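Good morning, and thank you for making the time. I would like to walk you through one structure, taking a helix, then the rings, then the strands and the cysteines.

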Amino acid sequence: MPDSLHLLHPTPQIKGLHTFIRCKNTSRDEFIFYSKRLIRLVIEYALSLFPFKTTRVETPQGVLYEGRRMESRKICGVSILRAGETMEQAVCDVCKDIRIGKILIQTNLKTGEPELYYLRLPKDIKDFKVILMDATVATGAAAMMAIRVLLDHDVPEENIILASLLMAEIGVHSIAYAFPRVKIVTSALDPEINSKFYVIPGIGNFGDRYFGTEPSDEY
């Protein structure tokens, strides 16, 4: 795996959460509950990869404590719609008053290529550290287009962290090859994708299961 990949350590807790969200018989309420727990862990881990500096504070007992503080307070979240939108609340919970951007990218059914349909980003996003969010990454095509959009808005490549619950190995390799300075964070890595571009063994269509739309047996 590329050096830019940062995988959450597969503790029994992480494996347990994945067991719930991967099970096809998990109810929608439980799927949302356990997905939110896992998303929070992914976002917290992603934040730990930003630069920190040493600082000293005084405790209520009058004793100095040497700790760490993030070097930049300018952090922005950008979600790749629609599944990435499910990660917005977690980043808002851990980053006070964070600004959120949105990108909608869909695949052209005739060409098979991703196309940009909607974009809303902070005007000064080039000055921010960016957490790019998508729930699952299969081929990596949508994520790579989103990264290109950020680069077109003058965001330095090294200031971007791509955070996802689940990724396929082929997607990770594609993104890391194209953008080696973008950090990639995920809670699990699956070995392949099928002909419908679902990650295998995967979790199905994350957006459909989370939002309760268009249920399908072809996961």
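**A helix and what surrounds it**

Let me begin with helix α2, residues 28-47, whose 20 residues should span 28 Å at 1.5 Å a residue, and whose end C-alpha atoms are indeed 28 Å apart, so the expectation and the model agree. Please keep in mind throughout that this is a predicted model.

If you look along α2, you will find that F31, I32, Y34, S35, L38, I39, V42, I43, A46 and L47 are buried. As a general reminder, an α-helix has 3.6 residues a turn, so residues three or four places apart point the same way.

Next come the aromatic rings, for which the count is five pairs. What is the arrangement of the rings of F20 and Y34? Their centres are 3.9 Å apart and their planes are at 5°, which is under the 30 degrees required, and therefore the pair is stacked. This pair links distant parts of the chain, since F20 belongs to helix α1, residues 12-22, and Y34 belongs to helix α2, with the two positions 14 residues apart in numbering. Are these two residues buried or partly exposed? F20 counts as partly exposed because its relative accessibility is 33%, whereas Y34, with a relative accessible area of 14%, is buried.

A second pair to point out is that of Y210 and F211, which is edge-to-face, with 5.4 Å from centre to centre and 70° between the planes. Here Y210 counts as buried at 9% relative accessibility, while F211, at 32%, is partly exposed. Ring pairs also join F31, F206, Y210 and F211 into a cluster, and F31 is one of the buried residues of α2 that I listed a moment ago.

Turning to the strands, β4, residues 75-81, and β5, residues 99-107, pair in the parallel sense over six bridges, and within β5 it is L104 that stands opposite L81. On the other hand, β5 pairs with β6, residues 114-120, in the antiparallel sense, again over six bridges, and there K102 stands opposite R120 in β6.

Finally, the cysteines: how many disulfides does the structure hold? The number is zero. C76 is in no disulfide, and the nearest cysteine sulfur, which belongs to C92, is 10 Å away. C76 counts as buried because its relative accessibility is 0%, whereas C23, at 31%, counts as partly exposed.

Notes
Residues numbered from 1 in each chain as written. Predicted model: local features only at pLDDT ≥ 70, side-chain atom pairs only at ≥ 80, totals over all residues. Heavy atoms only, no water. Helix = DSSP H or I, 4+ residues; strand = E, 2+ residues; numbered from the N terminus. Expected span 1.5 Å × (residues − 1). Buried < 20%, exposed > 50% of the residue type's maximum accessible area, 1.4 Å probe, protein only. Disulfide = S-S within 2.5 Å. Phe/Tyr/Trp six-rings, centres within 6.5 Å; stacked < 30°, edge-to-face > 60°. Pairing = 2+ DSSP bridges.
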